[in-house]
Structure formats: C-alpha cells, structure tokens
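Let's take a walk through this model together. Keep the sequence and the 3D view open as you read.

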Amino acid sequence: MPGDRSLRIAIGLFFVLALASLVGPWLRPFDAWHTDWTQLQIAPGITHGHWLGSDAIGRDVFVRTLLAGRVSLLLGFGAGAIALLFGLAYGALAGTLGGAIERLMMRALDVVSALPFLLIVVLLLTLFGRSGVLLVVAVGVYACIDLARMLRAEAARLRVLPFVQAARALGAGPWWLLTRHIVPNLLGFAVVYLSLAIPQAILVESFLSFLGLGLDEPSVSLGGLLAEGVQELEDAPWVLLAPGGFLAALLIAFTLLGDALRARLQRPGVA
Amino acid sequence: MSVAKLSVRQLCVRYRDGDVVLRDLSFDLAAGECLAVLGESGSGKSTLARTLIGLLPNGARTNGELRFDGEVLDIAAAARLRGRGIGMVFQDAAASLHPLRRIGVQLSEALRRAQAGRTVSDALGEVGLDASSTFATRYPYELSGGQRQRVMIALALAASPELLIADEVTSALDPLAAREILDVLARLQRDRRLALLFISHDLLAVRHLADRVLLLRHGVVDALVDKAIFFATPPSDYARVLLAAAVRGAAPLLVSGTAVLQVQALSADYAERPALRDIDLALPRGGALGVIGASGSGKSTLARVLLALQSGHARTLQIAGADPFVLSHAARKSWRRRVQIVFQDPGMALDPRMTVAETLLEPLRLHGIGDATTRAARVLELLASVQLDATLAPRYPQQLSGGQKQRVAIARALALDPELLVCDEAVSALDLPVQAEILALLQDLQRMRGLSLVFISHDLAAVRVLCDRVLVLEQGRVVEHGATVDVLLRPQHAHTRALLAAST
C-alpha cells in the first residue's frame, strides 16, 4: 500500500527529529548558555567542535537548536493533549446530544472563536508573565476550538447512522452512545486532525517567541533563536538557518504524518 | 445479426492485488440491441463497464480484444470515445451531478462541447422531463431520484453516443421511478438505434428491457442467451437459483388474536415537515404487516415512531402493550426490550469498531442480563439462531458479507427476545439469493418465536411472501389496507395499482 510507505517515511522523519532533540544536546560538551569569547561567530565545521557554528556571543548553535526543538515538541504535544481532551469532550457531547443543547454549545464556540486570539494571548502573557504553562494552555485552547467544531459535525453524522439508532432502540442512553459508539469512532478522525493541530501550535509558539512574547530567557525556543538569527543574518547566516531548517523539517514531518494517517483512515471499510 | 457495434473477445481483467475480476469474457453487441449483464455484487459487472470506458483503477491489467465499430478499443481509444461514441450512466446520479450548478447549465455545457446543435429543452424533452426553462434552472438537490437519473441520461446522450452503458441505473430508485427510467431507456434505444449495455442485478428490469442476457458469476460467463430462453428455460444451475429466488410462494393467511400494535390517528414530522398524517394501523400478535409505498411516502418515519426514536402524536398508541411516549425513563428502557428494529443498510448497521461478539453482547450489557458465562453462551445461541457460524464472533463488520452483516443485525435485534420486530427495507440492499435467505430466516423466526413483524419495503414480492396484511402509504397517508391477498390481487386505489404495475 502506498499509504503505508508514506506513513513509514513520516514516522521515520519524526522519530529522527524527536530523538535528535532528545539526546542531541548531550552529544556535545557545550552548555547552551555557555559563552565562549574566543569563539565568536565560528562557521560550521567538524574540527573546532561547533558542528553548526557558534553565534555572536560564542554559544553553540547545534546544542541550542536541538534544545529549542525539545521545547517546541513538548509544547506542541502539551497543547495537542489539551486540545484533544477538551475538543473531543466538547464536540462529541454536542454532536451526540443534538437539539437545543448542541446549538447553544456551538454558538458559544462561535463567540469564543470570534475573539482575537493572538491579542488575548499577548495580553495574558504581559499580565501574568511569560510562562510556558500559560503558553501551552493558550495554544491548546486555541487548537481545541477547531477540533471541537469538526468533531461535533462528525458526531452529528454518526448520531443518525443505523448502528447508533439501533443502540438507541436497544435502550442505550446518551452516555452509553457517547462512550461506546461515538467517541471510539471519532478517535481516528481526532488523531488525524491533531497531527495537523500540533504543528500549528508549534508555529504559533515560534511566532510569539519571534516577537519576543514567548518563553523568557534563559529558555530557548525555535522562534527566539530565529529572532536572534535574523540579527546576525549578514555575518553568520547559520545562526538563522539551523533553527529555521529544524522548524521546517518538524512541520513537514507532521504534515506528512497527517496526510498519511488521513489516507489510511479513508481506506474503504474503515468508517 | 448485423455487424457488431461492440465486440469483446477473451477479455481478462486482473487488479493489482492479483484478483482476477473477469476471465475469458466474449460477446457481441449490435446497434439497436440491448444486452443485459446480470450478476450479484462482486461478479465483475462494474469492472466490465469501467474497462469499456477506460476507467479501470491504476495497476489493473487487461488481456483480450475489444473492438468498437471494428476499431481496436485500447485505453487511448476508450479515453477518446468516452462521452462521445460511448456514453455511460452510473447508479448514483446524486454523486455524478455537480451539486452546486443548475442542471440546465450542466446540460448546455455538455451539448456545447459535443457541438450537438441541440438545445437544453430538446435534451430534457427527449428523456421525458419538463422541457420548460424553469425546470432547467433547478439544482440537482431539487429533483427526485428518478429525475436526476434522467438528467444523467440526457448528459450521457449529449454527444450522441452509439453505445450506452447503464450501470445499475434503477437500483437506487423506488419501483415507480425505476419503471419510468426503463421506459425512457427502451424508447431511446428504439429511436436512436442505441446499442445498450444494461448492467443490473434486478431481474424485473432485465426482463423488461433486454434482448439478450449475459449472466456473470465470479467474473466468468455463466450463460449468454436470448431473454425469452433465459426466463423460460434457465440455461444453468445458477440461473435457476436466481429465478427461483425471485419467484416466491403465496401470501400467508390472515392471522388474528390480541393486538401487539394498535395505532389510531398517528401524525409525525420528518425534518420539520409533516411526513405522516392520521395513520391507523393494527397488528395481532404473530402477524406480519407489510408497509409499502414509494420513497418519501413516510415509511421510514413510521418505523422511527414505532421504535420511539422520534416523537409522534396519536389518539391511541399501543405498541407492545404500552405508549412509549408517556412512559417514564426507566419504564421506556424496559419497554425497548419488546420492540426492535433491523435497518436497510447492512454496511452501517453495525459499529465498525465492534466485533460481532461485542455487538451481540451490547443489548445484554445494556439491560444487565446474565453474567459473563451466560452472556457468552447467549451470543453463540444468537449466532446459531440466524444460521451464522460461531467462528464469525471475533470478526469485525468489514470482514463480513452484506448478508452476514444483516444476519448479525437481526441477531442483535433478537437478543432481548422482542415481541415486535420492525424491518425497515431490511432486504433491499442485498443480492437476490441472499434476500431469499433472509426472508426465509424471518419467516422461521416468526413461526418459531411467535414474533410479530412490521415489514417496510418497496419490494412487493417480499411483502407478498412474508406478510398476511398490507398497508399502502402515499405521501404520509394510508390509501389502502387489508389482507395481502386482497390488496395485491384486487387493488382498489390507483396508487396501489401503479405500484403493482411497476413490479410485475
């Protein structure tokens, strides 16, 4: 099956990136925050030990990029988990119940999604300080709105299918339908959407960090590194290219994964 | 016979996964002739159609020789001829029309591309549709299934093809609409001297339209004979099985006794429109009530109300000894044990994420019946009662055939020992021999368990064999009811007569 091959490639690429960001920083003797005044803006190379060069104050780009990747992945999965939990609960509940409750829940969602998300996040970050937890929750809630809306539509489609109607005729109540029939049949759909929501979360975090609204120093994130890299673009382009390349590879891996999973889900016989 | 318009010699088609779908298929089709390709699902009928128009899936291989008008018909030629020399109409007209464009626009585009020099109203008139300009401004969703199918035929004819392939064009339609489509095809074939390849599993349609019959089974030609010979002296064992499945026994005698179903002046809505108006019906215990009517007559709404899956208003409503709409929550749950349903579409009747055993355990778990051992025994018992092998228990629905799925759906409905079983088009989606098996199963269950049946169908032959009484619905009203023998032999209402005429 061609779907299986692209799925294997996507999973392979993803694991290489995850493994690199997990163990990569320990491969080099450098600390991410160690400044070496004798080694400013060294070009990438093997002999001097800075595989991807060093930045304007002599910090190792290789270690900093992979550490930032670790942060981005953690944030992406954290936000993804929040989105899955709340989005699935909200969407499946609205879709299963139907009627006035469903309409009310969806209009409430419309109101929330009409709010300017970025503005609110920026406000919260300035009010409560730039914390990772706040960022994860904010991005997770943002992703969960779309997920809830899609899962609601899918649950409403499932609700009128004969197998759900047959379960109702057997005497099943809403809770039984939700847990035994609707949610199990929504999970595949949710996972596919999640593989698209996680890179979106990573991108939003990078964007905020790029603007200087992300994680505070001394934490490193890909967006923060990109912002630093832009400053040194003329003298030391590798400071920009390394985190930029890693971010691009990460996003491509997730997109491939999402496409492959979707193709697999749409194969005949799997509803 | 004149020179063949289409000639097929030793055609073999093999899909990429190695399945041989067609083997050594040879036939000729002359202009003005209709060849019916008959066979159950999976017999290779649709693969034949796809081969002729060059639309086989990637990786499929063909062997043998195809000639159209004496010219070799390879993939390139098929692509060139598709929509020009060869027209095609599919089963699902709703999916084949662009949903967001008016039918007149779609037709005029096809006519312009073909440079046919005919107008949209000519094309609509030819297939028996309203040729006025207001009709052409409608969208596909504003048309009935039969009208959509006619638009599809008009589209296929836009470029004046000499060969028309019709793939199960009547299968999704009710008998009245189906008969009209058959009449249109017969007239077109005569007027245009079309070579018509009519693919179907509907014996009635084949009998109505075909000159010759090609019977396919597992991709091999089982018989290729004149229609008269096919129906008079079936040329093979398989043909005999098919014909025997179609000709079923006489109607059962009228059952009498205490009422399991007593309904007076029932009205209900569907999608915020009235679907049922002032329906009266009654059914004694052990009886079987056939509900017939065209699509949109309110049959399925009736099923949903009888199961209390949607609300309805009635003067009197006694279903299996109670009015479900006045029962308390707990009482209604235990009432549900007495009334069960089997739906039409076996593909969606079972949860794709549950095994057969889990599906059959669900009703027992819901009502807290038995413990793990007695439940497991009950599952085996249920499988046996619908004549399924116990080895199917760990399978998922995707691994079952349509007939097997429908048997599992029936077993699930029987798990709570209901008094009343509502079958909503429960056999319509199945192949003919499988239909006959399921009907025989329902008959057995009715006899052995004293089950009462409400059998909703547009298949009059099935109603005739199973039901002792019949109710005819038209646009939400009862137009006729009575003993099956009376209604089907001496119909009083014009609508009943039309339904009967369309299915003989």
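Before anything else, one cut-off is worth having in hand: a residue is called buried if 20 or more other C-beta atoms lie within 10 Å of its own, exposed if 12 or fewer, and partly exposed in between. Keep in mind, too, that what you're looking at is a predicted model.

Let's try the cut-off out on chain A. Find A:Gln39, which sits in the loop between helix H1 (2-27) and helix H2 (61-97) of chain A. Is A:Gln39 buried, exposed or partly exposed? It has 18 C-beta neighbours inside 10 Å, so A:Gln39 counts as partly exposed. While you're there, look for A:Ser54: it lies 15 residues away along the chain, yet the two C-alpha atoms are separated by 7.1 Å.

Now swing over to chain B. Its C-alpha atoms fill a box of roughly 70 × 50 × 45 Å along the principal axes. How does that chain compare with a compact globule? For 504 residues, such a globule would have a radius of gyration near 23 Å, and chain B, at 25 Å, agrees with that. Buried residues make up 47% of the 504. Of the contacts in chain B with a separation of 6 or more, 69% join residues 24 or more positions apart. In terms of secondary structure, chain B holds 21 helices and 19 strands.

With that many elements, it helps to take a few at a time. Start with an open sheet of four strands in chain B, ordered E2-E1-E4-E5 and paired antiparallel. Its edges are strand E2 (20-30) and strand E5 (71-72), each pairing on one side only. Strand E1 (residues 4-14) of chain B runs antiparallel to E2(B), with seven bridges between them. If you'd like a spot to zoom in on, B:Leu6 stands opposite B:Leu29 in E2(B). Packed on this sheet is helix H1 (residues 45-52) of chain B, which touches E1, E2 and strand E4 (61-68) and makes an angle of about 65° with the direction of E2(B).

Further along chain B comes helix H7 (residues 145-157). Its 13 residues reach 19 Å from first C-alpha to last, close to the 18 Å expected at 1.5 Å a residue. This helix is mostly covered, with 12 of its 13 residues buried; among them are B:Arg148, B:Val151 and B:Leu155. And what do the buried residues of H7(B) pack against? The list is strand E6 (86-89), helix H3 (93-96), helix H4 (103-114), helix H5 (120-126), strand E7 (163-167) and helix H8 (175-192) of chain B.

Another open sheet in chain B has six strands, in the order E15-E16-E17-E13-E18-E19, with mixed pairing. E15 and strand E19 (477-483) are the edge strands, each pairing on one side only. From one strand to the next, the twist averages 15°. Inside this sheet, strand E13 (residues 288-292) and strand E18 (residues 469-474) of chain B pair in the parallel sense over four bridges, and B:Gly290 stands opposite B:Val470 in E18(B).

Last stop: the place where the two chains touch. Chain B puts in 21 residues and chain A puts in 18. On chain B's side, the elements that give two or more residues are strand E15 (339-342), helix H14 (346-349) and helix H15 (356-366). H15(B) gives the most, with three residues. Sort the chain B side by character and you get 11 nonpolar, three polar and seven charged residues.

Definitions and conventions
Residues numbered from 1 in each chain as written. Chains lettered and ligands numbered in written order. Predicted model: local features only at pLDDT ≥ 70, side-chain atom pairs only at ≥ 80, totals over all residues. Contact = placed C-beta atoms within 7 Å. Nonpolar A, V, L, I, M, F, W, Y, C, P; charged D, E, K, R; others polar. Expected span 1.5 Å × (residues − 1). Pairing = 2+ DSSP bridges. Axes fitted to C-alpha atoms, helices over the stretch in contact; angles between N-to-C directions. Rg over C-alpha atoms; globule rule 2.2 N^0.38 Å.
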